[in-house]
Amino acid sequence: MATENKNLSDYDKTTIPNANKFRFGIVVSEWNHDITENLFKGAYNTLLEHGVLAGNIVRWNVPGSFELIYGCKKMQEQMVNAVIAVGSVIKGETKHFDFICDSVAHGIKDLNVTGETPVVFCVLTDNTKQQAIDRSGGKHGNKGTEAAIAAIKMAELRKNS
Ligand code: DLZ
């Protein structure tokens with residue numbers, strides 16, 4: 001699971017389906033917004049790079065990662081081929097971190113079980129701000145890029161299944 005030996009922005013471009021017919025929803029949490037903006041940019045630019053039209057990318061903001069669950073549930077209803085949930089949870093002094101991380105992971109998982117539209121998990125869960133910086137366009141790449149590639153692959157899988 002560790003990203004230390006894997007750059008989140010590395011992938012084989014030749015294996016990615018053309019996405020120019022697809023429409024994507026990106027739901028962005030405003031908490032740690034400097035991090036989530038960089039994750040959004042990574043996802044957005046990667047989608048464009050693979051042929052997605054700017055007009056076919058719908059962005060909504062939600063207050064925090066906990067609200068990603070509801071935001072993504074409503075986004076699933078918007079005639080999109082896949083949804084990307086963008087958040088950054090950074091550990092504090094209390095157990096809040098654990099509750100938020102567990103809730104968001106289970107909430108997004110539930111949307112994938114119950115809904116027809118795949119929802120990709122682009123939520124960083126870090127012990128420190130530096131770890132979040134490193135994974136949102138820093139030395140370990142950008143999880144937004146990884147999420148966009150996953151979303152394209154899931155949209156293609158959905159189309160063919
Ligand atoms: C309250 C809170 C805290 C302490 N930390 C974070 C965080 O690191 N990342 C994040 O996305 N959201 C955080 N939140 C906000 C919660 O996700 C949520 O918005 C509030 O509890 C309101 O439901």
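**Salt bridges in a predicted model**

Trainee: Which residue forms a salt bridge with Lys159?

Mentor: Lys159 has its closest N and O atoms 3.5 Å apart from its partner's, and a salt bridge needs such a pair within 4 Å. Keep in mind that this is a predicted model. Both residues sit in helix α5 (residues 143-160), three residues apart, so about one helical turn separates them. The partner of Lys159 is Glu156.

Trainee: Is Lys159 buried or exposed?

Mentor: Good one to check! The relative accessible area of Lys159 is 54%. Exposed means over 50%, so Lys159 counts as exposed.

Trainee: How many salt bridges does a search of the whole structure find?

Mentor: Lys159 with Glu156 is one salt bridge, and the side chains of Asp110 and Lys109 meet in another, at 2.7 Å from N to O. Searching the whole structure gives a total of seven.

Trainee: Which residue meets the side chain of Asp34 in a salt bridge?

Mentor: Here the N to O distance is 2.9 Å. This pair links distant parts of the chain, 95 residues apart, with Asp34 in helix α1 (residues 33-49) and its partner in helix α4 (residues 129-134). The partner of Asp34 is Lys129.

Trainee: What is the relative accessibility of Lys129?

Mentor: Let's start with the other side of the bridge: Asp34 is partly exposed, with a relative accessible area of 36%. Lys129 counts as partly exposed too, a class that lies between under 20% and over 50%. For Lys129 the value is 36%.

Conventions
Residues numbered from 1 in each chain as written. Predicted model: local features only at pLDDT ≥ 70, side-chain atom pairs only at ≥ 80, totals over all residues. Heavy atoms only, no water. Helix = DSSP H or I, 4+ residues; strand = E, 2+ residues; numbered from the N terminus. Buried < 20%, exposed > 50% of the residue type's maximum accessible area, 1.4 Å probe, protein only.
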